Amino acid sequence: MDFTEHDAPDQVARRLESRGFSMVTMAEPGPPDAAITSLSAALRLGDPYIPALYRYAATKGYSDAYSNIRSDTKVRHPGFSTTAGQAWHVDGLLDDIGEVKTTILYCVRAAHRGGETLLFNSLAAFAELREKDPAAAEALLSPSALNRRSTIPAIDVNATGPVFSVDEKGDLITRYTDNETCTWNFSAGPPGGLRRALNFLRAASDNPRYRLAVRLTTGQALIFRNDRLSHGRQPYEDRPDAPRHLTRALYVNAPTCHTDEAVVACPAT
Ligand SMILES: [Fe+2]
């Protein structure tokens, strides 16, 4: 979608409501912070959110409102600064489930090879599990099911919570993550349920029905619901003179549709 179209913000809001993500092409490539600022203003997302993990003295170096994601051997962030793949996760490791509702990734430069952003519709997979194995789904709702701990050197913090939950509006939300930050509490919920649930979600995240790979090019942005989808990254190769570079911002708000300045619920398209 071309973000210069007059109704682009409403289209983005509708796509986020129906599919959880939208890709847009900005009018002209420019400084990433300015591109994200104009996007977030048009979508009425408010100010970028600094995740709880980045409010400690030891992690202040990562607390920029606009985080640069690019390979840098001097930076010791396990996700931002390497060319390795990233397993499924949601942003906001220490934040409560559903807190970080929207992530924007703006592409300054694509990788020479690889580096696709991966999206997993974990909510849809959860809905299928609930039909097939309600006890396994129940285990995922347990407040003690999943602990996530920081893997950033020099900061030892963690947070425990459910893998899925229902928000104040009655909508399902997720913090499904399956990476090196996770410790699963297999005694949570009905016996054996969490083990079966995890096996189911791992298989579902490999199923094209629930999984999508998107490759961003210069001047494109991916906007997605961090409380409804899990995401990851393919490993990539850089050309030394043109390394992959994305800029990320997080928001506690989700885009809403606007008609005659009245905020309305977005009809699904
Ligand atoms: Fe992420």
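Ring pairs link Trp88, Phe120, Tyr176 and Trp184 into a cluster, and this briefing starts from that cluster in what is a predicted model. One member, phenylalanine 120, belongs to strand S6, a strand that pairs with strand S12 and also with strand S14. Strand S14 in turn holds histidine 231, and His231 is one of the protein donors of the iron ion.

**The aromatic cluster**

- The count of aromatic pairs comes to four.
- In one of these pairs, tryptophan 88 and phenylalanine 120 are tilted, with 5.4 Å from centre to centre and 45° between the planes.
- This pair links distant parts of the chain, since tryptophan 88 lies in strand S3 (residues 86–89) and phenylalanine 120 in strand S6, 32 residues apart.
- Both tryptophan 88 and phenylalanine 120 are buried.
- The rings of tyrosine 176 and tryptophan 184 have centres 6.4 Å apart and planes at 45°, so this pair is tilted.
- Tyrosine 176 has a relative accessible area of 0% and tryptophan 184 one of 12%; buried means under 20%, so tyrosine 176 counts as buried, and so does tryptophan 184.

**Strand S6 and its partners**

- In a regular strand the side chains alternate between the two faces of the sheet.
- Strand S6 (residues 117–120) is covered on both faces, with Thr117 and Leu119 buried on one side and Leu118 and Phe120 buried on the other.
- Strand S12 (residues 211–214) runs antiparallel to S6 and is joined to it by four bridges, and within this pairing leucine 212 is the bridge partner of leucine 119.
- Strand S14 (residues 230–233) also pairs with S6 in the antiparallel sense, over four bridges, and here leucine 119 stands opposite histidine 231.

**The iron site**

- The iron ion has as its protein donors His89 (NE2), Asp91 (OD) and His231 (NE2), which lie 2.2 Å from it.
- Along the sequence, the spacing of these donor residues follows the pattern H-x1-D-x139-H.
- Histidine 89 is buried, with a relative accessible area of 8%, and aspartate 91 is likewise buried, with a relative accessible area of 6%.

**Charges over rings**

- The charged end of arginine 195 sits over the ring of phenylalanine 186, at 3.9 Å from the centre of that ring.
- Arginine 244 lies over the face of tyrosine 236, and its distance from the ring centre is 4.7 Å.

How values were computed. Residues numbered from 1 in each chain as written. Predicted model: local features only at pLDDT ≥ 70, side-chain atom pairs only at ≥ 80, totals over all residues. Heavy atoms only, no water. Buried < 20%, exposed > 50% of the residue type's maximum accessible area, 1.4 Å probe, protein only. Helix = DSSP H or I, 4+ residues; strand = E, 2+ residues; numbered from the N terminus. Pairing = 2+ DSSP bridges. Donors = N, O, S within 2.8 Å, 3.2 Å for Na, K, Ca; no water. Phe/Tyr/Trp six-rings, centres within 6.5 Å; stacked < 30°, edge-to-face > 60°. Lys NZ or Arg CZ within 6 Å of the ring centre and 35° of its normal.
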